[in-house]
Number of protein chains: 2
Amino acid sequence: MLQNDENVEEAKSCPMEEFDNIRVGRTDLTSFIESLIERGGADTPSAQAVARAVVDASSRGFDTHGVRLVPHYMKTLTGGRTNPRPELRFTRLAPSVGHVDADNGFGHLASFRAVEEGRVLADETGIAAIAVSRSSHHGATGCYTLAAARHGYAAIGMTNTDAIVVPHDGVKPFYGTNPFSFAVPVTGGDPLLLDMATSSIPLNRVFLRRATGALLPPEVAVDSAGSMTTDPHAAEGLLPLGGLNFGYKGAGLAFMIDVLCSAFTGMGHGATLPLFGGPDFSTPTPMGHFFILLRPDRFQPQESFDRRVADFLEDLRAQPAQPGERVMAPGDPEREATADRAANGIPVDPVTWGTFQELADQYGVARPRSLQEGASRS
Amino acid sequence: MLQNDENVEEAKSCPMEEFDNIRVGRTDLTSFIESLIERGGADTPSAQAVARAVVDASSRGFDTHGVRLVPHYMKTLTGGRTNPRPELRFTRLAPSVGHVDADNGFGHLASFRAVEEGRVLADETGIAAIAVSRSSHHGATGCYTLAAARHGYAAIGMTNTDAIVVPHDGVKPFYGTNPFSFAVPVTGGDPLLLDMATSSIPLNRVFLRRATGALLPPEVAVDSAGSMTTDPHAAEGLLPLGGLNFGYKGAGLAFMIDVLCSAFTGMGHGATLPLFGGPDFSTPTPMGHFFILLRPDRFQPQESFDRRVADFLEDLRAQPAQPGERVMAPGDPEREATADRAANGIPVDPVTWGTFQELADQYGVARPRSLQEGASRS
C-alpha cells in the first residue's frame with residue numbers, strides 16, 4: 001500500500017521545516033476549512049468538527065495530522081467513503097460505558113462526541129469508557145484526549161487503523177500505526193499530552209524521505225520481503241516501536257489498541273479495514289476508537305492531585321540533559337510550536353496551499369489569506 | 001544504583017536457559033514459599049499472595065519476576081521495609097473508582113485485592129479503576145491483569161518503580177522501568193497477556209550480561225555520563241523503549257504510568273522512591289499501582305466479543321513470518337513455557353536454589369524437593 005499515487009501525492013505535501021511555509025491566521029483557516037467541507041456536502045457539525053481537529057493539530061505543531069489532511073478528507077467525502085450527514089447515535093450501555101455509532105461519518109465528529117459523553121459519565125462514576133463504531137480516520141487522537149483534559153479530565157484515547165505495520169517476526173503488514181494518547185490536566189497551564197503511533201515512525205515520514213531522498217533510520221521500515229531497509233523507495237511496511245529486537249513491545253501495544261477498538265466496539269480488527277490511501281474512496285472504512293476518561297478529583301483531592309502533577313513536572317524538567325538538549329515533558333515541543341503559531345499564524349506547506357487554492361475555486365469558497373501577503377500589502 | 005552488591009547478587013541468580021535449572025513441582029514450591037514468608041514474620045494472606053504471584057510468574061516462564069525474587073522479599077520483610085501484617089483498607093471513592101491503602105505490605109496482596117474489588121465495581125458499572133497506595137514491589141504486573149482476565153474481565157495494570165531509566169535526551173535515571181500490562185479473555189483458552197517494561201530491557205538483563213560477559217544490544221543502556229553503552233559493566237541506567245531516536249515514546253509511556261500511579265494514588269512519582277535494590281531495606285518504598293478493569297459484555301454481546309477476539313487471533317497467528325520464526329500473539333511464548341512447566345515442573349536457577357536451601361534451614365522450613373532427585377530415587 002505504499003505505492004499508490006494518492007499517498008505519494010500526499011507525501012509531497014508533508015510539511016516539514018524544509019519547506020517555505022505560508023502562514024495563515026487561525027480564524028481564517030478554520031473558517032476556510034469549515035466552508036470547504038460544507039461545500040463538499042457535509043453538514044455543519046461534521047465540517048466544524050473536522051476544522052476544529054485539524055486546525056488544533058496544526059496549531060500545536062502536529063502538522064502530519066493537521067490541515068494537510070483536508071484535501072484527503074474532501075476526497076473521502078466526494079468519493080462517498082464518508083457519510084456527509086451522519087446520524088450519530090449514543091447509547092449508554094452501563095453506568096460507566098457508552099457507545100457512539102458514528103454512522104460512517106467523519107471520525108472527528110464522533111470522537112469529540114465520545115469525549116463529551118465520557119465527561120458526563122465520568123462525572124457520575126469517576127471513570128468512563130466510550131467505544132466508537134462505524135467511524136473513520138479522526139486525525140490526531142490527541143485532539144480528543146486534549147479536549148477532555150482542557151475540561152479537567154485525564155483521558156486515554158486510541159484508534160486502530162489499516163494494516164501498515166508488520167507484527168514482530170512477521171514479513172507483511174498486519175497492524176495499523178494504532179496511535180495511543182494520554183492527556184492530563186495541569187493547573188495554570190496546558191495539559192500534558194502524549195500522542196504517539198505504536199510504530200517508530202508514521203507512514204508519512206517514508207513518503208517525505210522519498211521526496212527528499214534522505215535515508216530512513218535503521219529498524220523502522222521493511223521491504224516487500226519483510227527485511228529491514230533504510231531505503232524509503234524500498235519500504236513497504238513499518239516496524240513496530242522497538243525495532244528488530246524489541247518490536248514485540250510496540251506490536252504488543254498495537255495488539256491492545258486493536259482489540260479495544262474492535263472487539264469492544266463491534267468492528268473488525270485493523271487488518272480487515274480498507275486502505276486509508278485508497279484507491280477505493282467510495283467504501284466506508286469502519287474504524288473503531290476507544291476512549292477512557294477519568295476525573296482526578298474522584299481519586300484524590302483536586303489540590304493534592306494538582307500539586308503532585310506539578311511536582312512531577314518540575315522535577316522532570318529540571319533533569320540534567322545531553323549537551324545542547326533539554327529534558328522535556330510530553331507535549332513540551334508542541335507547546336513551543338503553539339506559542340509561535342499563535343503569534344505568527346499556522347504554517348501551510350506549499351503543496352497543501354496550492355491545493356487549497358484549487359479547492360477554493362472549485363467549490364466557490366473564499367481563499368484563505370496568507371499573513372505574509374497581508375503584511376506586504378499593509 | 002546499578003553498583004550495589006544486592007543487585008549484583010541477584011544478577012547471578014537471573015534464570016536463563018544457560019543455567020542447568022532444578023525443576024520443582026508447583027504445589028511443593030508454592031507451599032515452600034508460603035511457609036518461608038510466614039516464618040519470616042508475614043501473616044498468611046501476605047505469604048499466600050507472594051507465593052501465588054511468583055509461582056504464577058515462574059509457571060508462565062516469566063522467570064525474572066518469578067520465584068527468584070523470594071530471597072529479595074525475605075530481605076524486605078526481615079529488614080522492616082515490608083509490613084508483615086498489613087491492614088489493607090479498601091475505599092470506594094465513586095461508583096467506578098476504588099482505592100486500596102496497602103499499609104506498606106507486600107504489593108502482591110494489595111494488587112490481588114485491587115483486581116478483586118475492581119471486578120465488583122466493573123460488574124456494576126462496566127469499567128472500574130482501582131488506585132493502590134503505600135504499596136511495594138508486586139512482582140510481575142501481568143499476574144494481576146491475568147487474574148482478572150481468568151474471570152472474564154479485560155484489565156490494564158501498571159506500577160511505577162524507582163528511577164533507573166533516563167528520560168529522552170537526559171543523562172540521569174528518572175523514570176522506573178514502569179511496567180504496563182493488558183490482559184483480555186479468550187474463549188476456550190488462556191487469556192492474551194501483554195506484560196512489558198517501558199524500557200527496552202529490564203535491569204536484570206544488565207546484571208546477567210555482567211555475569212556472562214556478553215555485550216548489551218545497542219541503545220538500551222547508558223553509562224554514568226548518559227552516553228549509550230553496550231558494556232554491561234559501564235551501564236548505569238537504561239534507555240526508554242525506542243532507544244536514542246524514538247525513546248521519547250517509551251519515556252512518554254513511563255510518564256503516563258508514573259502520573260497514574262502517583263497523582264491518582266496519592267503517592268510520589270517514581271524518582272522520589274527509595275531504591276528497590278537497597279542498601280536500605282528498612283524504609284518502606286511507597287509505590288503506587290493503577291488498575292482498570294472492563295467487562296466485555298457491557299460493551300458488546302459476549303458471543304460477538306469472543307468471536308472478534310478469536311478472529312483477530314486466528315488472523316494474527318496465520319501471518320507469514322521471517323524464516324524459522326512464527327508470528328505470535330502476546331503471551332504465546334509464555335503459553336509454551338506454561339505447558340512445559342506444568343508437565344515437567346518449574347525451573348529454579350542454581351543460585352536461587354542454593355539460597356532456598358539456606359533459607360529453609362535458617363527458618364526451619366522443609367526444603368523443596370527437586371523433581372530430578374525424586375525421579376532418580378524412584
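## A walk through chain B and its partner

Start by selecting helix 8 of chain B, residues 243–262: this helix lies across strand 5, strand 6 and strand 10 of chain B. Its run makes about 95° with strand 10 of chain B. Keep in mind as you look around that this is a predicted model.

Next, show the strands of chain B. Seven of them form an open sheet with mixed pairing, and you can trace them in the order 2-3-4-10-5-6-7. Which strands stand at the edges? Colour strand 2 (89–94) and strand 7 (192–196) of chain B: each has a single partner strand, so one side of each is left without a neighbour in the sheet. On average, neighbouring strands of this sheet are turned by 15° against each other, direction ignored.

Zoom in on strand 2 of chain B and strand 3 of chain B (residues 97–101), which pair in the antiparallel sense over five bridges. Here, pick B:A94 and you will find B:V97 of strand 3 opposite.

Now add helix 6 of chain B, residues 142–149, which packs on the sheet. Helix 6 touches strand 5 (154–159), strand 6 (180–184), strand 7 and strand 10 (287–294) of chain B, and its direction makes about 15° with that of strand 6.

Finally, bring chain A into view. Chain B superposes on chain A by a rotation of 180° with 0.0 Å of shift along the axis, at an RMSD of 0.0 Å. The two copies are therefore related as by a two-fold rotation axis. To find that axis from chain B, select B:G242, whose C-alpha comes closest among the residues of chain B, at 2.6 Å. As for the interface, 100% of the interface residues of chain B are also interface residues in chain A, so the copies meet through the same surface.

Technical notes:
Residues numbered from 1 in each chain as written. Chains lettered and ligands numbered in written order. Predicted model: local features only at pLDDT ≥ 70, side-chain atom pairs only at ≥ 80, totals over all residues. Pairing = 2+ DSSP bridges. Helix = DSSP H or I, 4+ residues; strand = E, 2+ residues; numbered from the N terminus. Axes fitted to C-alpha atoms, helices over the stretch in contact; angles between N-to-C directions. Contact = placed C-beta atoms within 7 Å. Least-squares fit on C-alpha atoms with pLDDT ≥ 70 in both.
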